[in-house]
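Here are a few short exercises to work through with the model open beside you. Try each task before reading its solution.

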Amino acid sequence: MKAPQQTSVSDASLIHLKKIHTDEGNLVVCSEPDGLPFQPRRVYYLYDIPAGESRGGHGHKKLQQLIIAISGSFKIQLKDGIESRTEFLNNPAIGLLLPPGLWREITDFSGGSTCFVLASAEYDPSDYIRTYSEFEAFKLGQNSSTKLVQ
Ligand code: TYD
């Protein structure tokens, strides 16, 4: 896996999860043998997001996450300091896999939407990069004068 300073928005990937469809409905499996590239250590979800609110607005130094719109829809904007990329999630059988070292902002939550997150590690406040300027410094390894795009 790339170092978190080296990851780019193109390293995020949409994963088609294993979906078991029957006449009684659908079941989706998220597990390592079925294509999840890490063992989940934590699950959390966002719901009842007021209209117009955004979530995220941070990066992670080590954490990997798989983000799924298990109901409704939302947008995820990713930045790596050079490029940005926006994905629209609205399918409970598709997850967006985020390596560490990406800035993310989650917006445009539809009413009744739920953002379900599988995380590779326990909650650790010290893994967060909370400001974009800190994120830029992190991506530059702290000591380059190269200007990154906002
Ligand atoms: P945060 O990760 O900033 O939420 P978001 O990225 O969705 O905007 O977390 C919001 C609050 O919840 C913050 O006070 C930390 C707390 N929190 C936990 O206590 N445990 C967790 O596993 C997570 C994800 C957040």
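Before starting, one definition: strands are DSSP runs of E with at least two residues, numbered from the N terminus, and lining residues of a pocket have an atom within 4 Å of one of its grid points. Please keep in mind that this is a predicted model.

**Exercise 1. Describe the largest pocket: how much space lies in it, and which element gives the largest share of its lining?**

Step 1. Start with the volume: the largest pocket holds about 170 Å³ of space.

Step 2. Look at the strands around it. Two or more lining residues come from each of β4 (42-47), β5 (55-60), β6 (65-71) and β10 (103-107). The largest share, four residues, belongs to β5.

Step 3. Find the centre. Among the 13 lining residues, Tyr 44, Leu 46, Gly 56, His 58 and Ile 106 lie nearest to it.

Step 4. Sort the lining by class: six residues are nonpolar, four polar and three charged.

**Exercise 2. Work out which residues surround the ligand, and which polar atoms lie beside its oxygen atoms.**

Step 1. Collect the shell, using a cut-off of 4 Å between heavy atoms. The residues are Arg 42, Tyr 44, Leu 46, Arg 55, Gly 56, His 58, Tyr 123, Tyr 128 and Arg 130.

Step 2. Assign them to elements and classes. β4 and β5 each supply at least two of the shell residues. The shell divides into four nonpolar, two polar and three charged residues.

Step 3. Check the polar contacts, for which N or O atoms must be within 3.5 Å. A side-chain N or O atom of Arg 42 is 2.6 Å from a ligand oxygen. For Tyr 128, a polar side-chain atom also lies 2.6 Å from an oxygen atom of the ligand. Gly 56 takes part through a backbone N or O atom, 3.1 Å from a ligand oxygen.

Step 4. Add the cover: on its own the ligand has 530 Å² of accessible area, and the protein covers 62% of this.

**Exercise 3. Decide whether Tyr 44, Asp 48 and Asp 108 are buried, partly exposed or exposed.**

Step 1. Recall the cut-offs: buried is under 20% relative accessible area, exposed is over 50%, and partly exposed is in between.

Step 2. Tyr 44, in strand β4, has 26% relative accessibility, so Tyr 44 is partly exposed.

Step 3. Asp 48 sits in the loop between β4 and β5. Its relative accessible area is 66%, so Asp 48 is exposed. Its phi is positive, near 55 degrees, though Asp 48 is not a glycine.

Step 4. Asp 108 is in the loop between β10 and β11 (114-119). At 49%, Asp 108 is therefore partly exposed. Here phi is also positive, at about 55 degrees.

Technical notes
Residues are numbered from 1 along each chain as its sequence is written. This is a predicted model: local features need pLDDT of at least 70, side-chain atom pairs count only at pLDDT 80 or more; totals for chains, interfaces and linings use all residues. Side-chain values use heavy atoms; hydrogens and water are left out. On a 1 Å grid over the protein atoms alone, a cavity is a set of points where a 1.4 Å probe fits but cannot get out, and a pocket is an open set with protein on both sides within 12 Å along at least five of seven lines; lining residues have an atom within 4 Å of a point. Grid points are joined across faces, edges and corners, and a volume is the space filled by probe spheres set on the points. Ala, Val, Leu, Ile, Met, Phe, Trp, Tyr, Cys and Pro count as nonpolar, Asp, Glu, Lys and Arg as charged, and the others, Gly among them, as polar. A polar contact is a pair of N or O atoms within 3.5 Å; within protein, one must be able to donate a hydrogen and the other to accept it, and residues adjacent in sequence count only if both atoms are side-chain atoms. Accessible areas come from the Shrake-Rupley method with a 1.4 Å probe; for residues, only the protein chains shown count as cover. Buried means under 20% relative accessible area, exposed over 50%, partly exposed in between (1.4 Å probe, protein chains only).
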